[in-house]
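Here is a short note for your first look at this assembly. Keep the viewer open and follow the points in order.

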Protein chains: 4
Amino acid sequence: MVVVMQERATDEQVQHVIAQLVGMGFDVHRSTGALRTVLGAVGGTREFDPRLIEVLDGVQEVLRITEPYKLASRTFRPENTVITIGDLRVGGDEVIVMAGPCSAETEEQVETTTAAVKRAGAKVLRGGAFKPRSSPYSFQGLGEEGLRLLRGAADRHNLKLVSEIMDLSQLELMEKYVDILQVGARNMQNFTLLRELGRARTPVLLKRGISATIEEWLLSAEYILAGGNMNVMLCERGIRTFESYTRNTLDISAIPVVQKLSHLPVLVDPSHGTGRRDKVAPMARAAVAAGADGLLIEVHSDPDHALSDGAQSMFPNQFDRLMAELRIIAPAIGRSICLETVARRGWGV
Amino acid sequence: MVVVMQERATDEQVQHVIAQLVGMGFDVHRSTGALRTVLGAVGGTREFDPRLIEVLDGVQEVLRITEPYKLASRTFRPENTVITIGDLRVGGDEVIVMAGPCSAETEEQVETTTAAVKRAGAKVLRGGAFKPRSSPYSFQGLGEEGLRLLRGAADRHNLKLVSEIMDLSQLELMEKYVDILQVGARNMQNFTLLRELGRARTPVLLKRGISATIEEWLLSAEYILAGGNMNVMLCERGIRTFESYTRNTLDISAIPVVQKLSHLPVLVDPSHGTGRRDKVAPMARAAVAAGADGLLIEVHSDPDHALSDGAQSMFPNQFDRLMAELRIIAPAIGRSICLETVARRGWGV
Amino acid sequence: MVVVMQERATDEQVQHVIAQLVGMGFDVHRSTGALRTVLGAVGGTREFDPRLIEVLDGVQEVLRITEPYKLASRTFRPENTVITIGDLRVGGDEVIVMAGPCSAETEEQVETTTAAVKRAGAKVLRGGAFKPRSSPYSFQGLGEEGLRLLRGAADRHNLKLVSEIMDLSQLELMEKYVDILQVGARNMQNFTLLRELGRARTPVLLKRGISATIEEWLLSAEYILAGGNMNVMLCERGIRTFESYTRNTLDISAIPVVQKLSHLPVLVDPSHGTGRRDKVAPMARAAVAAGADGLLIEVHSDPDHALSDGAQSMFPNQFDRLMAELRIIAPAIGRSICLETVARRGWGV
Amino acid sequence: MVVVMQERATDEQVQHVIAQLVGMGFDVHRSTGALRTVLGAVGGTREFDPRLIEVLDGVQEVLRITEPYKLASRTFRPENTVITIGDLRVGGDEVIVMAGPCSAETEEQVETTTAAVKRAGAKVLRGGAFKPRSSPYSFQGLGEEGLRLLRGAADRHNLKLVSEIMDLSQLELMEKYVDILQVGARNMQNFTLLRELGRARTPVLLKRGISATIEEWLLSAEYILAGGNMNVMLCERGIRTFESYTRNTLDISAIPVVQKLSHLPVLVDPSHGTGRRDKVAPMARAAVAAGADGLLIEVHSDPDHALSDGAQSMFPNQFDRLMAELRIIAPAIGRSICLETVARRGWGV
């Protein structure tokens with residue numbers, strides 16, 4: 001930590017700051033310049049709150065020089081983390097596409113949609129059973145029945161399953177059905193839940209909160225990693241800005257930024273990130289071109305009658321076409337998408 | 001709802017939109033102008049997602065004409081809600097000040113701070129026992145022991161107590177100790193928790209999420225009201241903007257806006273809203289001048305050694321001075337602050 | 001325009017609103033529902049300020065149903081605008097890359113950089129002579145000497161030239177040298193300048209202000225179009241959000257949004273949009289994948305010694321590699337990049 | 001400047017960074033810790049771009065330790081600047097209220113409004129002659145005729161006059177009529193204009209851009225100060241955030257922040273900051289309570305028929321009442337408002 005004193009700071013003020021720092025366990029190096037004094041502080045603890053020094057008299061600024069997270073940082077682990085779930089590898093050369101309906105609604109809807117996304121090359125089925133809805137009057141999901149439908153369809157089509165956990169109390173139930181536990185944007189700082197997930201062994205897909213900085217997002221990942229669960233994948237899904245034409249502004253630049261700061265895989269959800277079906281394909285292509293390790297896309301066999309998020313769900317044929325476009329783009333940066341499925345399709349599927 | 005068609009929309013497209021609306025339970029009134037067709041849709045359900053129509057071919061825009069919340073709106077209840085807790089009235093003429101430490105740490109710290117805030121005119125003791133911390137390595141609160149310390153001090157000084165509930169699983173315990181359950185900004189859209197609080201009878205103080213629109217905030221209040229708990233007070237605590245000098249930008253204009261849209265009392269937390277002790281007093285004064293029904297302020301008997309948020313906690317003498325300033329400001333808009341305490345002080349306290 | 005009255009609006013209030021609207025030149029259609037009255041207003045003028053009605057007693061909301069811009073909208077011109085400058089076509093199938101140094105500094109620097117970007121496939125040379133710098137102490141550009149250097153290099157390498165105009169007083173001078181006049185983000189609402197550019201015949205590249213909504217951006221384009229200059233291309237260069245890791249958040253979703261609302265070509269500047277050299281390539285790829293009609297990229301023969309923006313300027317070899325990646329991506333959406341140059345390189349250039 | 005190297009930075013990388021810094025004119029102090037190397041760099045120039053070092057291999061972060069502005073900082077001048085214009089003092093104990101119509105429209109409108117604001121206690125008449133309008137189809141102001149009307153009314157009522165300059169070409173004309181030149185939010189970074197204003201002797205009121213950080217705002221002030229014009233007052237008028245209920249979010253906390261960083265007076269414009277007449281009074285009270293040195297308020301003798309911004313203009317009687325409220329609030333922080341007028345009113349005016 002570096003403490004910059006004001007130009008007019010008195011020696012008494014400097015001494016008081018040094019005393020405080022020493023009292024907090026730091027070693028202090030004082031550098032007195034022509035204009036101002038700068039203090040370097042080494043040691044102390046990671047959870048130290050720099051604002052404690054910032055408000056002292058004579059202090060101009062306090063500059064932290066280590067990230068507040070550790071296990072999530074690339075400093076801790078220089079090589080990419082690849083998460084293995086059976087034969088699925090997230091974070092490797094292949095860009096993983098997770099697709100499916102916003103919510104499980106009926107057996108037929110789940111089956112039709114699952115068959116469609118599998119055919120197009122998805123490797124993971126996504127679908128909700130417990131839905132976080134901003135209005136208490138909206139459809140709240142089928143609960144366990146939804147999980148049962150999704151698991152059945154995923155098994156029939158040899159897909160992995162990801163679904164959202166909304167509360168600690170659902171953990172035991174969810175783990176019986178899903179391969180990946182999704183933490184939604186609104187729960188990104190539900191620390192009670194994150195801590196429990198750290199004790200679980202199921203991989204976690206952690207969405208970025210709509211106003212979370214990248215540092216806060218990595219700190220939330222740290223909660224899970226610190227508990228011992230190292231299988232965390234991150235998912236950008238749009239941040240809130242002044243622009244209101246799109247529901248959120250999908251922060252594509254978060255992809256290369258996170259990949260520099262952390263070793264964890266980073267995925268993108270263009271469906272929630274835009275909120276409109278006609279913007280999903282361009283943003284999905286952009287995400288892959290920018291280097292995303294995977295995508296989460298809402299597809300529905302009949303979006304016009306979906307019980308939730310129909311407006312942002314793709315029709316199966318739109319999804320097909322998008323996958324074909326992505327297969328052209330991925331090689332530009334040395335990645336691939338669902339090669340084996342493509343191969344099989346070449347044989348007549 | 002009003003559906004505006006594009007200028008070049010075909011009659012077939014218009015007919016398709018009408019058919020969809022009718023299928024969703026709306027009555028439709030068609031108005032064909034020189035330039036474009038506009039459809040008025042009446043009926044339907046409150047939870048209807050307008051984006052379903054927005055993505056249809058030929059549609060330019062869909063305009064909702066009712067708020068998505070009902071019980072929280074001033075349309076539903078034109079007069080102000082006054083929440084009564086014993087002899088405390090929140091939302092009446094008196095501006096209620098809730099003050100105390102960020103976290104309960106020791107018996108002595110709680111007692112000294114409580115005595116100080118009571119003396120200055122606070123009516124409610126605030127203090128945390130379970131702390132939501134963005135880093136897993138930070139102090140997480142004393143738990144039930146903290147609640148016990150806070151309750152004891154509140155009782156000794158004849159104050160009400162507000163403290164934060166972080167998870168559903170803490171509800172039963174919290175209700176044994178506190179008069180007001182605080183829902184933190186990060187939990188504003190923890191719908192599982194909100195729904196349970198709707199079934200509780202303890203009043204709730206609902207903080208605004210740092211990137212929540214006012215509409216989303218009122219929808220979260222609606223979750224609690226819809227469950228039958230009508231004692232909800234709102235609390236603005238800063239929104240996230242591009243300006244990084246202050247931790248958040250305290251949205252003072254939210255006070256008059258909420259007071260127009262809703263009948264619920266609205267408080268302001270300038271401590272979290274600014275994150276810096278030296279900015280708390282100006283923003284507290286601004287909040288009262290703008291018409292806030294109350295304030296939440298962090299005060300600590302020894303902020304330099306606080307285990308959390310010391311940098312934004314006021315010293316007791318700063319708080320004293322602030323209260324004196326507020327007593328001058330409040331009458332400008334026909335409000336008062338802690339009159340009886342002032343009276344008693346006049347008698348020599 | 002649709003005026004939604006409050007549920008409890010009196011008939012007197014409704015009549016007052018109607019009288020106001022009629023006085024402003026609107027025809028009014030009144031629709032009285034079970035819950036509330038809605039007024040449809042037709043006619044009036046495009047410049048009407050809806051807030052005038054919004055603040056009247058009894059009014060809940062005013063909803064505008066026409067865009068405030070006309071010439072810039074796709075309603076006005078359904079097909080894409082293609083801007084032709086000699087043999088250059090912006091807005092057609094080819095994705096146009098404009099590249100070059102932030103500022104012209106010396107003859108050698110301009111020549112070396114121009115040769116490099118030409119070789120890699122750029123069609124337009126970009127470079128600054130008048131620099132808008134946020135600090136008065138920074139390098140402010142070479143002025144006319146810079147324009148002379150840039151024009152010379154562009155001519156030698158058969159490239160078009162784009163450079164920024166900062167003030168009305170520079171117009172005559174700039175038009176002697178450049179093929180495209182760039183309006184910087186900070187001048188997007190310099191209406192005095194925009195109006196003059198409407199009278200000019202040189203094509204204009206209009207950057208989006210860092211906090212401009214898409215509607216405001218199109219309104220600024222409207223200023224130029226309304227003056228008779230129909231050759232306007234738009235350029236997204238990042239918006240300001242709470243995320244501070246990147247200098248701005250490049251709004252990739254603005255590409256498909258603008259393409260839906262307007263017929264004008266839309267380009268992207270990933271250099272200013274990210275502010276860091278190592279983030280330019282991923283964002284340039286993302287922009288092309290999302291459908292951008294062109295790119296503006298800063299390249300410098302020796303970025304470490306650039307007088308401005310060196311940190312976001314690419315090395316020539318990085319730019320080469322990026323262009324190769326873009327040539328793989330563009331066909332995914334039926335676009336091409338600099339085919340003839342590629343062909344010529346095949347002949348040994 | 002402090003350069004933090006990555007934990008795994010090689011000695012070669014450290015040496016390269018040191019060489020670069022020395023080449024840029026810095027003296028470098030190297031501190032090698034257990035975990036990482038930190039370099040302190042002293043000297044160099046104020047306009048140095050830290051990103052040049054940030055992008056070098058092995059560098060984790062670069063921390064600047066001096067503000068990029070000098071003359072605007074409180075370090076340069078610890079005591080408050082008081083700007084004197086005749087008998088008017090801006091930045092002293094009195095809170096100065098500047099009020100008047102958005103635009104001059106007719107002789108009668110200007111006279112009636114001026115008389116009203118004078119009677120209520122305003123010290124400066126505000127009014128526009130050249131209007132920056134986001135749509136080319138809106139009323140653009142009366143030009144010189146407007147200035148003539150405003151000057152006449154100001155003189156008749158013994159008020160000072162502030163009006164907005166939109167372009168360099170208007171400077172000579174404006175200086176003949178006004179006492180204070182207003183630079184609008186959209187021109188805050190029109191550096192060509194700012195530089196000229198630095199050479200002028202007329203005091204300048206510099207509005208904050210809607211997405212300008214406080215640092216950028218002070219840098220724009222620096223442009224004017226650096227030219228020799230030390231009479232600069234700052235004016236907060238709302239920043240752009242995700243909240244769309246109010247046109248902008250008035251950043252009340254900017255008042256104490258600027259007062260800590262700079263010696264220049266800071267005013268607030270609650271009319272543009274909220275965009276709605278019914279929110280002006282609460283925000284004006286909040287600004288004074290937070291310590292603003294003055295206010296800019298739009299008042300119109302007949303807002304319903306104003307040619308611009310009628311929705312945010314107060315009726316004269318609303319303004320009267322607001323002034324009465326402000327006279328109660330100001331003493332809470334040792335300020336006053338228009339004492340002599342109050343006195344004179346006591347004598348029968």
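1. Start with a term. Two residues are in contact if their C-beta atoms, placed from the backbone, lie within 7 Å. On that basis, the contact between chain B and chain C takes 19 residues from each of these chains. Bear in mind that this is a predicted model.

2. Which elements of chain B each supply at least two residues to the side that touches chain C? They are strand 1 (2-5), strand 3 (37-43) and strand 4 (59-63) of chain B. Strand 3 of chain B gives the largest share, three residues. By type, this side of chain B divides into eight nonpolar, seven polar and four charged residues.

3. Now the symmetry of this pair. A turn of 180° and a shift of 0.0 Å along the axis lay chain B on chain C, with an RMSD of 0.0 Å. The two copies are therefore related as by a two-fold rotation axis. In chain B, the C-alpha nearest the axis belongs to Phe242(B), 2.1 Å from it. Both copies use the same surface: 100% of the contact residues of chain B recur in chain C.

4. Chain B also touches chain D. Here 33 residues of chain B are in contact with 33 residues of chain D. Three elements of chain B give two or more residues to this side: helix 8 (254-261), helix 10 (277-290) and helix 11 (316-329). The largest share, eight residues, comes from helix 10 of chain B. This side of chain B holds 20 nonpolar, eight polar and five charged residues.

5. Turn to a single chain. Chain A is divided into domain 1 (2-63) and domain 2 (83-346). How many Å separate the centres of domain 1 and domain 2 of chain A? The distance is 45 Å, taken over C-alpha atoms.

6. Look for the barrel in chain A. Eight strands form a closed barrel with parallel pairing, in the order 7-8-9-10-11-12-13-14. Neighbouring strands of this sheet are turned by 30° against each other on average, direction ignored.

7. Check some of the pairings. Strand 7 (residues 96-100) of chain A runs parallel to strand 14 of chain A, and five bridges join them. Within strand 14 of chain A, Leu295(A) stands opposite Val97(A). Strand 13 (residues 266-268) of chain A also pairs with strand 14 of chain A in the parallel sense, over two bridges. There, Val268(A) stands opposite Leu295(A). Elsewhere, strand 10 (residues 180-183) and strand 11 (residues 204-207) of chain A pair in the parallel sense over three bridges. Val183(A) stands opposite Leu206(A) in strand 11 of chain A.

8. Is strand 14 (residues 294-298) of chain A buried or exposed? Five of its five residues are buried, so strand 14 of chain A is largely enclosed by the rest of the structure. Both of its faces are covered. Gly294(A), Leu296(A) and Glu298(A) are buried on one side, and Leu295(A) and Ile297(A) are buried on the other.

9. Finish with a helix. Helix 3 (residues 107-120) of chain A lies across strand 7 and strand 8 (124-126) of chain A. Helix 3 runs at about 160° to strand 7 of chain A.

Definitions and conventions: Residues numbered from 1 in each chain as written. Chains lettered and ligands numbered in written order. Predicted model: local features only at pLDDT ≥ 70, side-chain atom pairs only at ≥ 80, totals over all residues. Helix = DSSP H or I, 4+ residues; strand = E, 2+ residues; numbered from the N terminus. Nonpolar A, V, L, I, M, F, W, Y, C, P; charged D, E, K, R; others polar. Least-squares fit on C-alpha atoms with pLDDT ≥ 70 in both. Domains from an automatic or database assignment. Buried ≥ 20, exposed ≤ 12 C-beta atoms within 10 Å, placed from the backbone. Pairing = 2+ DSSP bridges. Axes fitted to C-alpha atoms, helices over the stretch in contact; angles between N-to-C directions.
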